[in-house]
Amino acid sequence: MTANFYEALAAVLQADPGRPLLETEDGRVHVRADAERESARYARLLAEAGARPGDRVAVQVEKSPAALFLYLACLRAGCVYLPLNTAYQRGELAYFLGDAEPAVIVARPESADLMRELCKGRARVYTLDENGSGSLTEAATLPQEFAPVARGPDDLAVILYTSGTTGRSKGAMVTHGNLASNARVLVDAWAFSERDTLLHALPIFHIHGLFVANHCALLSGARMLWHRKFDSKAVLRHLPRASVMMGVPTFYTRLLAEPAFGRDACGGMRLFICGSAPLLPETFAQFESRAGQRILERYGMSEAGMICSNPLDGERRSGSVGRPLPGGQLRIAGEDDRPLPAGGIGGIQIRGANVFAGYWRMPEKTREEFTADGWFRTGDVGTMDAGGYVCIVGRAKDLIISGGYNVYPKEIELAIDVMPGVAESAVIGVPHPDFGEAVTAVVVPRAGAKLDAVQLIAALRRDLANYKVPKQVHFVDDLPRNAMGKVQKALLRERYGKRGAR
Ligand code: AMP
């Protein structure tokens with residue numbers, strides 16, 4: 001066995017090939033052997049299309065069992081999987097494809113022409129729709145065997161683009177060793193087993209749904225109830241058959257908004273896990289009183305997989321992301337990168353087998369994010385008490401998390417600032433009952449310019465994923481600045497943060 005993470009998963013898939021692996025909302029069941037067979041065929045197709053080990057395979061498709069098998073195929077073929085949010089538009093795609101230079105692109109049928117144009121003939125483009133149709137089905141006639149390509153623990157498995165504070169996205173390079181170590185730690189920490197049924201309603205272009213949910217189920221042999229997206233009514237219907245659910249805080253607020261949600265629906269549930277954005281204490285408390293269970297909150301990021309978790313057995317604390325997971329180390333450091341005493345507020349720095357290999361083709365940026373003694377600066381600000389419980393109190397980086405998705409204001413500000421009639425802008429997150437935070441733009445028009453919020457939003461929508469587009473636009477004469485000339489976003493958040501502020 002090599003360090004190719006697919007081999008670890010294959011050991012489970014081959015153990016009991018007829019056992020159900022996932023069931024879609026319409027009741028279709030895919031067994032373990034389906035994953036082995038389909039991923040072998042896709043791996044063969046990738047190789048025949050010219051993708052060699054180490055080559056990137058960019059994938060922008062809807063969530064489907066075939067999409068999961070394609071991910072497994074990339075691991076198996078030693079290619080580097082590059083998932084792209086289905087909301088990404090032309091401007092974003094042009095950058096990712098130019099930067100990552102994939103050998104193969106798999107796209108939704110309606111985006112195939114755009115992908116061909118953007119990659120300028122340098123990649124083979126296949127299509128896959130949400131029902132598993134498209135030119136990728138050419139693989140159906142290929143042999144069902146494919147020996148996993150030998151990989152070392154430091155070989156790249158996935159590139160995850162995180163939006164950059166400078167407006168340029170950075171590709172976090174995740175290795176086979178990173179995936180394997182984090183998956184094993186999580187299966188153990190959350191006691192995943194073959195007896196579990198995971199309700200999987202997360203997107204699979206992001207670590208939460210792609211790594212945390214899939215890997216826990218695949219590695220432990222658990223079954224998945226596979227929902228294309230989170231629909232609170234559908235989730236409520238299927239919850240009685242599940243034992244574990246993973247979600248972003250929005251999932252939990254939406255479940256609580258369903259009058260029928262309560263203890264009855266949760267009879268078979270042993271664990272509700274939450275992460276990707278802060279879980280409000282009021283959601284935690286309401287959930288406990290309605291469902292009779294305490295949500296287990298955990299903390300992670302694309303660059304490191306999961307970092308902290310509240311305990312399975314033991315105190316799950318509201319407002320805390322729990323203790324550092326085994327295998328990783330965490331410290332709270334001051335400006336000088338020196339560890340602070342327990343209770344001090346500082347930058348969260350981490351080290352361990354889960355920490356990524358650096359940013360794709362950005363050695364400078366990579367160096368900047370690591371301390372001289374090898375700790376990764378997460379960009380999150382927090383505290384750790386004497387018992388090891390970590391609380392995130394803010395972000396050093398200027399980041400908005402809306403519905404569990406990260407939005408870097410700089411990217412949106414750059415897009416607004418180039419519009420005719422705009423002098424400058426500041427983009428902030430304001431509290432929102434459903435999304436956690438809502439993207440809000442504060443715009444200074446040029447002298448004499450007449451700007452219209454509706455037109456501005458419509459123009460942004462053409463180039464940016466919908467979740468990044470401001471929900472509200474405020475026009476002002478000047479942005480508030482401090483003595484150093486930095487825009488005082490805290491003031492703007494205070495001014496526009498009240499619910500319903502116009
Ligand atoms: P991503 O790389 O998209 O997974 O985003 C990672 C960022 O999400 C982290 O750096 C944190 O700022 C934030 N995050 C993840 N989990 C939590 C959590 N439980 N509470 C607060 N913020 C979180």
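Visitor: In this predicted model, what is the order of the strands in the open sheet of four strands?

Guide: To read a sheet, list its strands by who sits beside whom. Here the order is β16-β17-β18-β19, and the pairing is antiparallel.

Visitor: Which strands are the edge strands?

Guide: An edge strand is one that pairs on one side only, and in this sheet these are β16 (328-333) and β19 (390-395). From one strand to the next, the twist averages 45°.

Visitor: How many bridges join β18 to β19?

Guide: Five bridges join β19 to strand β18 (residues 376-384), and the two run antiparallel. To find the place in the structure, start from G382, whose bridge partner in β19 is I392.

Visitor: What is the order of the open sheet of nine strands?

Guide: Read along the sheet, the order is β2-β1-β10-β9-β11-β12-β13-β14-β15. The pairing in this sheet is mixed.

Visitor: Why is one side of β2 and of β15 left without a neighbour in the sheet?

Guide: Both β2 (29-31) and β15 (323-324) stand at the edges with a single partner strand each, so one side of each has no neighbour in the sheet.

Visitor: In which sense do β9 and β11 pair?

Guide: Strand β9 (residues 197-200) pairs with strand β11 (residues 244-247) in the parallel sense, over two bridges. One position to look at is L198, which has V244 in β11 as its bridge partner.

Visitor: Which strands does helix α9 touch?

Guide: Helix α9 (residues 249-256) packs on the sheet and touches β11 and β12 (271-274). The direction of α9 makes about 115° with that of β11.

Visitor: At what angle do α9 and α10 cross?

Guide: For a pair of helices, look at the angle, the distance between axes, and the handedness. The axes of α9 and helix α10 (residues 281-291) cross at roughly 45° and come within 10 Å. That angle makes α9 oblique to α10. Their crossing is left-handed.

Visitor: Which residues make the contact?

Guide: On the α9 side they are Y252, T253, L255 and L256, and on the α10 side T283, Q286, F287 and R290. Sorted by class, this contact of α9 with α10 has four nonpolar, three polar and one charged residues.

Visitor: At what angle do α4 and α5 pack?

Guide: The same reading applies to this pair. Helix α4 (residues 90-100) packs with helix α5 (residues 112-119) at an angle of about 45°, and their axes are 9 Å apart. α4 is therefore oblique to α5. The crossing in which α4 passes α5 is right-handed.

Visitor: Which residues in α4 and α5 meet?

Guide: R90, L93, A94 and L97 come from α4, and they meet L114, M115, E117 and L118 in α5. The contact of α4 with α5 has six nonpolar and two charged residues, with no polar ones.

Visitor: How many residues lie between β22 and β23 in their hairpin?

Guide: Three residues lie between β22 and β23, which form a hairpin. Strand β22 (residues 422-432) pairs with β23 in the antiparallel sense over ten bridges. Within this pairing, V430 stands opposite A438 in β23.

Visitor: How many bridges join β23 to β24?

Guide: Four bridges join β23 to strand β24 (residues 472-475), and these two run parallel. Here V443 stands opposite F475 in β24.

Visitor: How many of the ten residues of β23 are buried?

Guide: Strand β23 (residues 436-445) is mostly covered, with eight of its ten residues buried.

Terms used. Residues numbered from 1 in each chain as written. Predicted model: local features only at pLDDT ≥ 70, side-chain atom pairs only at ≥ 80, totals over all residues. Heavy atoms only, no water. Axes fitted to C-alpha atoms, helices over the stretch in contact; angles between N-to-C directions. Parallel < 35°, antiparallel > 145°, perpendicular 65-115°, else oblique. Left-handed = near helix turned anticlockwise from the far one by under 90°. Contact = heavy atoms within 4.5 Å. Nonpolar A, V, L, I, M, F, W, Y, C, P; charged D, E, K, R; others polar. Buried < 20%, exposed > 50% of the residue type's maximum accessible area, 1.4 Å probe, protein only. Pairing = 2+ DSSP bridges.
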